[in-house]
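Here is a friendly walk through one protein model, best read with the structure open beside you. Shall we take a look at how the pieces fit together?

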Amino acid sequence: MSGKTLGVIGLGSMGLGAALSALRQGVPTWGCDPRAEAREAFAKAGGRVAATAAELAAQCDVVLILVVNAAQTEDVLFGSGAVADHLKPGSVVVASATVDPSLPPQWEARLRERGLWLIDGPVSGGAAKAAQGQMTVMASGRPEAFEAAGGVLEALAGKVYRLGDAAGIGSTVKMVNQHLAGVHIAAAAEAMALGMRAGADPAQLYEVICHSAGMSWMFQNRVPHILAGDYRPLSAVNIFVKDLGIVLDAARQFTMPLPLAAAAHQMYLQAAAAGLGGEDDSAVIKIFPGITLPKGAPA
């Protein structure tokens with residue numbers, strides 16, 4: 001490695017995995033999270049823990065921000081977190097939340113005023129791939145930003161795509177990914193509900209589709225949650241309320257009709273309105289009335 005020190009703000013399912021993956025690659029890594037249990041888990045694994053984002057920033061050359069949304073990212077950078085005020089000149093911020101693509105260029109400009117670099121670097125792959133160091137980073141930014149990062153991204157990810165020299169391109173590609181992911185999960189739930197209503201055995205239905213042309217990665221990954229009746233959130237319904245909202249807002253700017261994304265968004269909104277927003281996104285199947293779920297599954 002290049003001797004860079006990494007800080008990860010947000011030790012959730014993907015942030016913790018990314019931080020641990022960097023540690024395994026020999027990158028000195030700090031972590032920060034408001035949850036004591038997350039900080040303790042990272043410290044137990046050998047990471048260094050900061051009480052605040054500002055404290056972490058003072059120790060690090062590269063800061064990966066893996067929080068929930070744009071508002072949290074901006075707060076970490078310029079608000080209560082004040083990361084931008086505590087990083088050394090020449091340091092790099094990697095903004096990894098899924099956000100409106102118009103926002104990273106604004107953050108980049110504000111950081112440049114402070115002598116800092118931004119990589120617009122949203123991620124994909126889920127908790128499992130993050131923990132294995134195999135998540136995908138959809139990155140864009142100035143060449144100087146990537147040079148300043150010194151290979152840190154490659155240490156925590158399986159694939160780093162360099163998508164262009166302008167912040168915002170990475171978030172555009174992630175937006176397209178979320179369009180597909182959200183539609184695929186909604187379609188998987190609808191298809192399983194149809195099969196179950198028609199009397200197909202759910203486990204057999206899953207097995208057959210996984211070996212047939214109708215299979216998608218999301219079908220293969222999310223339907224087991226339905227079969228187990230386990231809706232503990234790995235990615236929550238509310239995430240797709242947000243992310244498909246970003247997709248549809250961007251589409252309106254281009255006068256671009258997205259009928260499938262709009263229909264899927266309504267499904268997640270219906271689930272959230274029914275009190276399911278904090279459950280796993282596969283819980284969108286619960287909007288279909290009368291579906292017989294596995295024994296012990298929440299109604």
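## The six-stranded sheet

Let's begin with one pair of residues: Ile65 has Ala95 in E5 as its bridge partner. Before going further, please keep in mind that this is a predicted model. The two strands involved are E4 (residues 62-65) and E5 (residues 92-95), which are joined in the parallel sense by four bridges. They belong to an open sheet of six strands with parallel pairing, and its order reads E3-E2-E1-E4-E5-E6. Strand E3 (48-49) and strand E6 (117-120) are at the edges with a single partner strand each, so one side of each has no neighbour in the sheet.

Strand E1 (residues 6-9) runs parallel to E2, and four bridges join the two. If you are looking for a landmark here, find Val8, which stands opposite Gly31 in E2. What covers strand E2 (residues 29-32), and on which faces? Both of its faces are covered: Thr29 and Gly31 are buried on one side, and Trp30 and Cys32 are buried on the other.

## Leu20 in helix H1

Leu20 is located in helix H1. With a relative accessibility of 24%, Leu20 is classed as partly exposed, because the partly exposed class lies between the buried limit of under 20% and the exposed limit of over 50%. Leaving aside residues up to four places away in sequence, Leu20 touches Phe42 and Ala45. You can also relate Leu20 to the sheet through Trp30: the two are 10 residues apart in sequence, and their C-alpha atoms are 10 Å apart in space.

## The three-stranded sheet

A second set of strands is worth a visit. Three strands form an open sheet in the order E7-E8-E9, and here the pairing is mixed. E7 and strand E9 (159-162) are the edge strands, each pairing on one side only. Strand E8 (residues 136-139) pairs with E9 in the parallel sense, over four bridges. Within that pairing, Val137 has Val160 in E9 as its bridge partner.

## The nonpolar cores

In soluble globular proteins, nonpolar side chains tend to be buried together. The largest nonpolar core of this model has 39 residues, and the members that touch the most others are Met192, Phe219, Tyr268, Val284 and Ile285. Five helices each supply at least two residues of this core: H9 (169-197), H10 (202-210), H11 (217-228), H12 (237-253) and H13 (259-276). Helix H9 gives the most, with 10 residues. Apart from this core lies another one of 32 residues, and among its members are Leu11, Ala38, Val62 and Phe146.

Met192 makes a good viewpoint on the largest core. Not counting residues up to four places away in sequence, Met192 touches Pro202, Leu205, Phe219, Val223, Leu227 and Ile285. Another residue to inspect is Ala271, placed in helix H13. Is Ala271 buried or exposed? Its relative accessibility is 0%, so Ala271 counts as buried. Its contacts, with residues up to four places away in sequence left out, are Val237, Leu276, Gly277, Val284 and Ile287. Ala271 and Ala188 are 83 residues apart along the chain, with 15 Å between their C-alpha atoms.

## The largest pocket

Now for the open space. The largest pocket has a volume of about 1400 Å³. Its lining is made of 50 residues, and those nearest its centre are Ser13, Met14, Gly126, Leu234 and Ser235. By class, this lining has 24 nonpolar, 19 polar and seven charged residues.

Several elements supply at least two lining residues each: helix H1 (13-24), helix H4 (70-78), strand E7 (123-124), helix H6 (126-131), H9, H11 and H12. Which helix gives the most to the lining of the largest pocket? Helix H9 does, with six residues.

## Two positive phi angles

Finally, two loop residues invite a check of their backbone. Ala82, in the loop between H4 and E5, has a positive phi near 55 degrees, although Ala82 is a residue other than glycine. Thr255, in the loop between H12 and H13, is not a glycine either, and its phi is positive at about 50 degrees. Their surroundings can be read from accessibility: Ala82 counts as buried at 14%, whereas Thr255 is exposed with a relative accessible area of 72%.

Terms used:
Residues numbered from 1 in each chain as written. Predicted model: local features only at pLDDT ≥ 70, side-chain atom pairs only at ≥ 80, totals over all residues. Heavy atoms only, no water. Core = buried A, V, L, I, M, F, W, Y, C linked by side-chain atoms within 4.5 Å. Buried < 20%, exposed > 50% of the residue type's maximum accessible area, 1.4 Å probe, protein only. Contact = heavy atoms within 4.5 Å. 1 Å grid on protein atoms, 1.4 Å probe; cavity = no way out; pocket = protein on both sides within 12 Å on 5 of 7 lines; lining within 4 Å. Points joined across faces, edges and corners; volume = space filled by probe spheres on them. Nonpolar A, V, L, I, M, F, W, Y, C, P; charged D, E, K, R; others polar. Pairing = 2+ DSSP bridges.
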